[in-house]
Amino acid sequence: MKKIEVVTRPEKLVGLKEVLASHNCQGMTVYSVMGCGRQKGYLPEMNFTGDDINLLPKIMAFVVVEDEIVEDILADLTATIGTGKNGDGKIFVTDVITAVRIRTNERNSDAIS
């Protein structure tokens with residue numbers, strides 16, 4: 001199993017949810033976060049002086065999925081929520097050792113389906 005974490009613009013949430021739903025992801029968690037990347041949170045039209053950091057609103061969503069569908073999800077996410085401009089965000093993929101559904105004590109694949 002893998003955990004896919006996506007940090008992107010808030011207006012990309014609908015597309016993100018559509019991609020995950022199309023891959024039968026059963027649940028996700030979404031946070032409102034603030035952040036910046038290489039350009040320190042400034043857009044080209046903002047006349048950045050390089051002296052400070054401007055944090056921009058972002059969302060961070062994560063979902064746990066089976067290994068076999070990770071590459072398909074990544075391809076669909078980059079195609080759907082990417083604009084080719086600064087601020088599109090990042091996707092992180094990490095291993096999940098164990099997942100447990102608390103209510104039933106189901107484990108791993110059974111816990112995420």
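**Entry 1, a pocket lining.** I sorted the residues that line the second largest pocket of this predicted model by class, and I found seven nonpolar, three polar and one charged residues. The lining is made up of Cys 25, Gln 26, Gly 27, Met 28, Thr 29, Phe 62, Val 63, Val 64, Arg 101, Ala 111 and Ile 112. I then looked up which elements give two or more residues to this lining, and they are E3 and helix H3 (109-112). E3 gives the most, with three residues. For the space in this second largest pocket I noted about 160 Å³.

**Entry 2, the chain as a whole.** I stepped back to read the chain from its start, and I wrote down three helices and six strands, which follow along the sequence the pattern β-α-β-β-α-β-β-β-α. Of the 113 residues, 27% count as buried. I also looked at contacts with a separation of 6 or more, and residues 24 or more positions apart account for 71% of them. The chain exposes about 7,400 Å², and carbon and sulfur atoms supply 51% of that area.

**Entry 3, the nonpolar cores.** I looked up the largest nonpolar core, which has 15 residues, and the ones with the most contacts inside it are Ile 4, Leu 16, Val 65, Ile 73 and Leu 77. Strand E1 (2-8), helix H1 (13-22), strand E3 (56-65) and helix H2 (70-81) are the elements that each give two or more residues to this core. The largest share, five residues, comes from H2. I followed Val 65 further and, leaving out residues up to four places away in sequence, found that Val 65 touches Met 1, Lys 2, Ile 4, Cys 25, Val 70, Ile 73 and Ile 112. There is also a second, separate core of five residues, which includes Val 96, Ala 99, Ala 111 and Ile 112.

**Entry 4, Ala 99.** Ala 99 is in the loop between strand E4 (90-95) and strand E5 (100-101), and I asked myself why Ala 99 counts as buried. Its relative accessibility is 13%, and buried means under 20%, so Ala 99 counts as buried. Not counting residues up to four places away in sequence, Ala 99 touches Met 1, Glu 106, Arg 107, Asn 108, Ala 111 and Ile 112. I checked the pair Ala 99 and Met 1 in particular, and these residues are 98 residues apart in sequence and 8.7 Å apart in space, C-alpha to C-alpha.

**Entry 5, three asparagines.** I turned first to Asn 108, which lies in the loop between strand E6 (106-107) and H3 and has a positive phi of about 55° although it is not a glycine. I noted the background that most residues other than glycine have a negative phi. Asn 108 counts as partly exposed, at 29% relative accessibility.

Asn 24 is found in the loop between H1 and E2, and its phi is near 60°, a positive value in a residue other than glycine. Is Asn 24 buried or exposed? Asn 24 has a relative accessible area of 59%, and the cut-off for exposed is over 50%, so I recorded Asn 24 as exposed.

Asn 54 has its place in the loop between strand E2 (29-35) and E3, and at 22% relative accessibility I put Asn 54 down as partly exposed. I also looked up Asn 54 against Met 34, and the two are 20 residues apart in sequence and 9.4 Å apart in space, C-alpha to C-alpha.

Note on methods. Residues numbered from 1 in each chain as written. Predicted model: local features only at pLDDT ≥ 70, side-chain atom pairs only at ≥ 80, totals over all residues. Heavy atoms only, no water. Core = buried A, V, L, I, M, F, W, Y, C linked by side-chain atoms within 4.5 Å. Buried < 20%, exposed > 50% of the residue type's maximum accessible area, 1.4 Å probe, protein only. Contact = heavy atoms within 4.5 Å. 1 Å grid on protein atoms, 1.4 Å probe; cavity = no way out; pocket = protein on both sides within 12 Å on 5 of 7 lines; lining within 4 Å. Points joined across faces, edges and corners; volume = space filled by probe spheres on them. Nonpolar A, V, L, I, M, F, W, Y, C, P; charged D, E, K, R; others polar. Areas by Shrake-Rupley, 256 points an atom, 1.4 Å probe, with all protein chains shown as cover.
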